[in-house]
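Colleague: I'm new to this structure and I'd rather know one part well than skim the whole thing. Please pick one piece and walk me through what surrounds it.

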Amino acid sequence: NARIVNMSFAGPADAMLRELLGKAHARGMVLIAAVGNAGPRSPPLYPAADRHVIGVTATDIDDKLLPMANRGPQVAIAAPGVDILAAAPDGAYTVTSGTSVAAAHASGVAALLLARKTDLTPGALRQALMRSARAGSGKPRETGAGVIDALSAVNSLGR
């Protein structure tokens, strides 16, 4: 009964993955994926490039795109993903970067939206994230609709 699926892997198109994503979407699951860290010349990677998935890229503290992030039409939105303090094994912490970190951030914001409005469809949630994003320093092929703004996204749903 998961409502949100965060995917931090990227690879070529796969028929079985496409089928699974379609079924998950049909069940009302919000699908969020890292666009990948293969660089600006990489072809679109999956699952982020699937039409049912919200593809997320990474930006730094100044909203600038992570240089190794993939670019393209699969990028729906950007989120913090550069020099992020994260939990590590054995109770430690580490500083890490990547589109996977940004996808996790976007999944957290998606959870806030579902907590605010439990009947949101995946499409409505995607639109709320994208409409409430603030302009980033990149082009749409780089940062999608812009940088995710959790407070604006939640407030866009009203009470």
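Modeller: Here is a close look at strand 2, working outward from its own residues.

This is a predicted model, so local features need pLDDT of at least 70 and side-chain atom pairs count only at pLDDT 80 or more, while totals for chains, interfaces and linings use all residues. Residues are numbered from 1 along each chain as its sequence is written, and side-chain values use heavy atoms, with hydrogens and water left out.

Strand 2 covers residues 30–34; strands (E, at least two residues) and helices (H or I, at least four) are DSSP runs, numbered from the N terminus. In strand 2, 5 of 5 residues are buried, meaning under 20% relative accessible area, with exposed over 50% and partly exposed in between (1.4 Å probe, protein chains only). In a regular strand, side chains alternate between the two faces of the sheet. Here, Val30, Ile32 and Ala34 point one way, and Leu31 and Ala33 the other.

Now the neighbours. The open sheet has 4 strands in the order 1-2-3-4, with parallel pairing; two strands pair if DSSP finds at least two bridges between them. Strand 1 and strand 4 are at the edges with a single partner strand each, so one side of each has no neighbour in the sheet. Strand 2 shares 4 bridges with strand 1 (residues 4–7), and Val30 is the bridge partner of Ile4. Strand 2 is also joined to strand 3 by 4 bridges: Leu31 pairs with Val53, and Ile32 stands opposite Ile54.

Strand 1, helix 1 (residues 15–26) and strand 2 make a right-handed β-α-β unit, where right-handed means that, with the strands pointing away from you, the path from the first strand over the helix to the second runs clockwise.

Ile32 also belongs to the largest nonpolar core, and is among the members that touch the most others, along with Ile54, Val56, Leu113, Leu125 and Leu129. Such a core is a set of buried Ala, Val, Leu, Ile, Met, Phe, Trp, Tyr and Cys residues joined through side-chain atoms within 4.5 Å. Helix 2 (99–116) is one of the elements giving two or more residues to this core, and its share of 7 is the largest. Val56 touches Ile32, Ala33 and Ala34, among others, a contact being heavy atoms within 4.5 Å. Apart from this core lies another, of 11 residues, including Ala33.

Finally, helix 2 lies across all four strands, running at about 160 degrees to strand 2; axes are lines fitted to C-alpha atoms, for helices over the stretch in contact, and angles run from 0 to 180 degrees between N-to-C directions.

Terms used. Lists of a residue's contacts leave out its neighbours within four places in sequence.
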